[in-house]
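Me: Please take a close look at one part of this model, a buried side chain and the contacts it makes, and then set that part in its wider surroundings. I would like one connected account rather than a list.

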Amino acid sequence: MGVVNVIMPKLGESIMEATVLKWHKNVGDYIKNDETLLDIATDKVDSEVPSTAEGILEEILCKENDVIAIGSVIARIRIQVEEVEGVEGVEKVEGVEVEDPESAKHESGRLKLDEVVEEVEEVMPHVPYQPLSANVQPKNESARFYSPLVMNIASQEGLPLSELEKIQGTGNDGRVTKKDILSYLENRNGNAVIEIKEPVNGKQIIPNYTNNQPVETKPLPEKYAEPVITGNVEIIEMDRMRKLISEHMTRSKATSAHVTSFAEADVTNLVLWREKNKKEFEKREGEKITFTPLFIEAIVTCIKKFPMLNSSVVGDKIIIKKDVNIGMATALPNGNLIVPVIKNADQLNIIGVTKQVNRLANSARIGKLQPTDTQDGTFTFTNVGTFGSLMGTPIINQPQVAILATGAIKKKPVVMENENGDSIAIRHMMFISMSYDHRIIDGGMGSRFLAAFVQALESFDQHRTF
C-alpha cells in the first residue's frame with residue numbers, strides 16, 4: 001500500500017488561494033480516479049476537484065469554508081503501490097521501481113517503499129495548507145487593499161497613502177484593520193511598527209514603545225464605532241460571492257483613477273440587420289444572435305486602433321496586452337455577477353464570437369464555468385441596457401484599465417442631416433459609457449476610443465453576410 005497526496009490545484013496565474021465549499025467523500029470512503037472529491041471556489045468561479053488516484057480516502061486535512069493556498073496538501077489517498085507510477089501529479093523517479101513493501105527487499109536496481117517516498121518528496125515538496133486564520137504575509141501586488149472604513153479614517157485624520165502603506169496589518173493577507181489604523185494613530189509620533197496583541201481580559205493591548213510593557217488602549221472614538229442597527233429592518237448576511245464582488249469593486253476604486261465618458265450612437269442599421277437575419281442565423285448555425293456579439297466585434301476593431309486600452313498597470317510600468325480577451329459581465333440567477341472571457345476575440349468572426357458568447361453565458365447561468373473561463377481578460381464589456389438602464393458608470397475590472405457599457409436601445413426622434421437639408425426621423429438610439437483608468441488613459445484618448453466605437457456601430461453594413 002502507498003499514500004498519495006491530493007494537492008490544491010493551480011487555477012490560474014492570478015489565483016493564489018481557494019475556498020473549500022464541500023467534500024463529496026468522507027474518510028474511509030473508496031474513490032475512483034477522476035471522481036469528484038470536493039468543490040472549491042475562487043474569487044472568480046466555483047469548480048470541482050477530481051481525485052488524482054484510486055483508493056481509500058485516508059485523511060482530510062482541511063474543513064469546509066477553509067481558505068487554502070494553491071499547492072497545499074488537502075487530503076491523502078491510500079492506494080496500491082503498483083498504481084503509483086500512473087498517478088497523475090506524481091512524477092516517476094528515474095531508475096526507481098515501486099513494489100509492495102511486504103515483499104520489498106534490498107535487491108540491485110530496486111528500492112523499498114520508504115526510499116521511494118523520500119525520492120517522490122524531493123520531486124514534489126510538501127506544502128502545508130494555510131487556513132483563513134493563518135498570519136499570511138501581504139501579497140506582492142501593485143496596490144494594497146484597504147476597506148472603505150480604513151480609507152475613511154485615513155482621510156478624516158489626514159493620513160497619506162504613503163504612510164498608510166507602512167502600517168503592519170493583522171487582518172487576512174496582512175490587511176490593515178480598523179484596530180490597526182486606530183492604534184497607529186494613537187502612537188503616530190513613535191517610530192515603531194504597530195503590532196496588535198490579542199485581547200487580555202477583554203481589553204485590547206498594544207506595545208508601549210517606551211518600556212515595551214503592554215498598556216491599555218483608549219476606547220474607540222465614537223465616530224469610528226460600528227453602527228447600531230435599529231428599527232423595523234431585515235438583516236441579510238452577504239453570501240461568499242457577494243463579499244468577493246464587494247471587495248473586488250472597492251479595491252478597483254482604490255486602485256484606479258476612474259473617469260467615465262459618455263456618447264450616444266444611432267444603431268438603427270445594426271438593429272435592422274439583426275431583425276432581418278436572426279432567424280436565418282439560428283437556422284444555419286444553431287445559435288441565437290444577440291446584440292452582444294455585434295458590440296464585441298466593434299470593441300475589437302477599436303482596440304486595434306487604440307491598443308493602450310488593452311493594457312494593465314504594474315507599478316510604474318504599462319503592460320500592453322497583445323492578446324485581445326474580452327470579458328462580458330453576466331448576471332447570475334441569484335443576482336450576483338461574473339465575467340467570463342472570450343479568448344482571442346480578434347481572431348473570431350461574428351459566428352465564432354456568437355458561439356462563445358452563448359456558451360459562456362449558458363455555462364455561467366447553470367454554474368458550469370471552468371476556472372479558465374474567467375481568466376486573462378484584457379477589456380470588459382457590460383450591457384446595462386439588458387435591465388432597462390439607459391446608461392451606467394461601470395467600475396473597472398482589475399487589473400484592466402477600461403470597461404465599456406451599453407444602455408437600452410430606444411426609438412427617438414433624431415435630426416438627420418442630408419443634401420436637401422435637415423429632417424426629423426425615428427431612429428434606434430443608444431447611450432454608451434466607458435470608465436477608464438486616468439493614470440494612463442487621458443480624456444482625449446478615452447473620448448477618441450468612444451467616438452471610434454460609435455462610428456463602428458453607426459457605419460454598420462446592413463447588407464453584410466454572416
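Reply: The side chain of Ser 256 makes a polar contact with the side chain of Gln 398, at 2.7 Å, and another with the side chain of Asp 437, at 3.0 Å. These distances come from a predicted model, and they are to be read in that light. Ser 256 itself belongs to the loop that runs between helix 5 (240-255) and strand 11 (258-266). Is Ser 256 buried or exposed? Its relative accessible area is 5%, and because values under 20% count as buried, Ser 256 falls in the buried class. If the neighbours within four places in sequence are set aside, the residues in contact with Ser 256 are Ile 396, Gln 398, Asp 437 and Arg 439.

One of these partners, Gln 398, has a backbone feature of its own, since the peptide bond that joins Gln 398 to Pro 399 is cis, with omega at about 5°. Pro 399 is placed in the loop between strand 18 (379-383) and strand 19 (402-406). Thus the residue whose side chain meets that of Ser 256 at 2.7 Å is also the residue that precedes the proline in this cis bond.

The helices that come later in the chain offer a wider setting. Two packed helices are described by the angle between their axes and the distance between the axes. For helix 6 (residues 268-285) and helix 7 (residues 291-305), the angle is about 135° and the axes are 11 Å apart. Helix 6 and helix 7 are therefore oblique to each other, as the angle is not over 145, where roughly antiparallel would begin. Their crossing is right-handed. On the side of helix 6 the contact is made by Leu 270, Val 271, Trp 273 and Arg 274, and on the side of helix 7 by Phe 291, Leu 294 and Phe 295. Sorted by class, the residues of this contact are six nonpolar and one charged, with no polar residue.

Helix 7 also packs against helix 8 (residues 350-365), here at an angle of about 125° and with the axes 9 Å apart. That angle makes helix 7 oblique to helix 8, and helix 7 passes helix 8 in a crossing that is right-handed. Helix 7 contributes Thr 292, Pro 293, Leu 294, Ile 296 and Glu 297 to the contact, while helix 8 contributes Ile 350, Val 353, Thr 354 and Val 357. These residues divide into six nonpolar, two polar and one charged. Leu 294 is listed in the contact of helix 7 with helix 6 and again in the contact of helix 7 with helix 8.

Two further loop residues deserve a careful look at their backbone. Asn 344, found in the loop between strand 17 (341-342) and helix 8, has a positive phi of about 50° although it is not a glycine; with a relative accessible area of 28%, Asn 344 is partly exposed. Asp 34, likewise not a glycine, has a positive phi near 75°, and its place is in the loop between strand 3 (30-31) and strand 4 (36-41).

As for the chain as a whole, it has nine helices and 21 strands, and 42% of its 466 residues count as buried. Among contacts with a separation of 6 or more, 61% are between residues 24 or more positions apart.

Methods
Residues numbered from 1 in each chain as written. Predicted model: local features only at pLDDT ≥ 70, side-chain atom pairs only at ≥ 80, totals over all residues. Heavy atoms only, no water. Axes fitted to C-alpha atoms, helices over the stretch in contact; angles between N-to-C directions. Helix = DSSP H or I, 4+ residues; strand = E, 2+ residues; numbered from the N terminus. Parallel < 35°, antiparallel > 145°, perpendicular 65-115°, else oblique. Left-handed = near helix turned anticlockwise from the far one by under 90°. Contact = heavy atoms within 4.5 Å. Nonpolar A, V, L, I, M, F, W, Y, C, P; charged D, E, K, R; others polar. Buried < 20%, exposed > 50% of the residue type's maximum accessible area, 1.4 Å probe, protein only. Polar contact = N/O pair within 3.5 Å; in protein donor to acceptor, adjacent residues only side chain to side chain.
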